[in-house]
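Here are a few exercises to work through at your own pace, with the structure open beside you. Try each task before reading its solution.

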Amino acid sequence: MQRSNSNAAPFTNAYCTPGRNGNGRPNKPHWAAMGDHSALRQFVQAKKMMNDIFDEIRSYINEGEDFFTDIEGEGLISGAQAADIKAFSAKVDGISDVLQRDHMKVAFFGRTSNGKSTIINAMLGDKILPTGMGHTTSCFISIEGSDSEESYVVAPGSPEKKSIQTMSQIAHDLSDDRLDSSQLVRLFWPKSRCAMLRDELQLVDSPGIDVTPDTDAWIDTHCLDADVFVLVSNSESTLMCTEKSFFHKVASRLSKPNIFILNNRWDAAMSEPELADKVRAQHLTRAIGFLCDELGVSDEKLAHERVFFVSGKEAMNSRLYRQQGQPETGAALADGFLHRLDEFDRFERTFERCISATAIVTKFEQHATNGRGINESFKSMMDSVQEEATKERDRCGAELREKTGRGIYKGRVGTAIGTDVGTDTFRHQRGPIQRLLRPIRGDIYAVLRGGTLRGNVPPGPRRSARLQGGTERARGGGVESGVGGAV
């Protein structure tokens, strides 16, 4: 049972520790202190790494494309390969474009007036979305960070930046100019005014799931790319069939969606403090049973970490007072509000860790798979080109050796004739040749003296019988001794 504020000295003192203010709250709250150490930064860092990897893949493919252009017509690549590398380039460009648009997305759902917009306002630390009694939010509202210091709204079907004051006209159900429930208004809020929006986070508010029967279209349009769902329930009642039915449809479309359940308006339980613990146990049991047994999206231990009891209105007011330098108790707050504020902080921390880890998988896993496929196909293609180039090199080398080998052969034959045949073989055959030449030497001299110069020995009678016989003997002896064969 919660104690009243008037008798909460021990409880308050427990929170008056170093680093906390007199109200028992941290001097620098979690939502305001988020920076580079925020769990949400993990997604941003992972996204940067993915972009760097695909930039590197693109540079390799561009080099390969230039190389293919250079060797076109040389028979090393096919037309299909040339087309494939262009397709790789287009795929990488497409993935890079999607990466630029990828962000973490959390969608808030619940019945009308359960406090969805108030919860989001509390997380953002400002009154951004319209809130009030009855059915307030008429359409889907996406809240994204803007690098400019100006907040603005972009209505569907128009790129025009409109004043944020138009939200009360186009997104409020009491306005005559309200949009249809399935349409989406994009609200851009300065990142400098909300640390949570600095890290690629998109929050999506929705109309009550009990205002239209056409929730299937909502799921197809706004839910399939969500990383986390937050079911905002009303602590004054319980989980209703309408809420359960909607998330059964979500679970049938998505594989084990990440769902948080916020039992909002838990401050109302303090009106009956004697029943607060029993009501809390009842809500917790029903919520865990819904996540584990009905949807099958969680085990019991994890489900305990996904159910919270908060007051969005108290968190919103507390943070506004803190921004204005006023004590958090600037307005009348119910007993146990410090516990509820701490529970809201715990929800945000758990939510950040969950959405960052989940988004890294849901957003980047398919990109990583596609990138790996492109890389392997590109490598296979380049291996094929290298193999063809190696075959062509070997063929050209063999042809070159054959052509140059003929010249070398001729040179070697000439050298062999001039050296081997002219020297060794001649020396080997020198004895028989000298014996053959000796009988005709005198006749040769006689012919030379007779005036026959630089010519063959003339036939006819001038050719002596001795010379004729010596020549025939030389021919015969040459063949017999191998000289003829050598010549």
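## Exercises on the sheet and the core

Val232 stands opposite Leu262 in S8. Keep that pair in view as you start, and remember that this is a predicted model.

**Exercise 1.** Work out which strands pair with S8, and in which sense.

*Solution.* Begin with strand S7 (residues 228–234), which pairs with S8 in the parallel sense over seven bridges. Next, look at strand S9 (residues 307–309): S8 and S9 also pair in the parallel sense, over three bridges. Leu262 has Phe308 as its bridge partner in S9. Finally, trace the link between S7 and S8: together with helix H8 (residues 241–253) they make a right-handed β-α-β unit.

**Exercise 2.** Decide which way the side chains of S8 point, and whether they are buried or exposed.

*Solution.* Start from the general pattern: in a regular strand, side chains alternate between the two faces of the sheet. Now apply this to S8, where Asn258, Phe260, Leu262 and Asn264 point one way, while Ile259, Ile261 and Asn263 point the other way. All of these are buried. Seven of the seven residues of S8 (residues 258–264) are buried, so the strand is largely enclosed by the rest of the structure.

**Exercise 3.** Put the strands of the sheet in order and find its edges.

*Solution.* The open sheet has nine strands, in the order S4-S3-S5-S2-S6-S1-S7-S8-S9, with mixed pairing. The edges are strand S4 (161–162) and S9; each has a single partner strand, so one side of each is left without a neighbour in the sheet. At the S4 end, strand S3 (residues 152–154) pairs with S4 in the antiparallel sense over two bridges, and Val153 stands opposite Lys162 in S4.

**Exercise 4.** Find the residues that touch the most other members of the largest nonpolar core.

*Solution.* This core has 68 residues, and Leu187 and Phe351 touch the most other members. Helix H12 (residues 337–449) gives the most to this core, with 14 residues. Then list the contacts of Phe351, leaving out residues up to four places away in sequence: Val106, Met123, Leu201, Leu203, Val228 and Phe260. A second, separate core of 32 residues includes Trp266, Met270, Ile288 and Ala303.

**Exercise 5.** How many residues of helix H5 (residues 116–124) are buried?

*Solution.* Count along the helix with the cut-off for buried, under 20% relative accessible area. Nine of its nine residues pass, among them Lys116, Asn121 and Met123. Just after H5 comes Gly125, with a positive phi near 75°.

Technical notes
Residues numbered from 1 in each chain as written. Predicted model: local features only at pLDDT ≥ 70, side-chain atom pairs only at ≥ 80, totals over all residues. Heavy atoms only, no water. Core = buried A, V, L, I, M, F, W, Y, C linked by side-chain atoms within 4.5 Å. Buried < 20%, exposed > 50% of the residue type's maximum accessible area, 1.4 Å probe, protein only. Helix = DSSP H or I, 4+ residues; strand = E, 2+ residues; numbered from the N terminus. Contact = heavy atoms within 4.5 Å. Pairing = 2+ DSSP bridges. Right-handed = clockwise from strand over helix to strand, strands pointing away.
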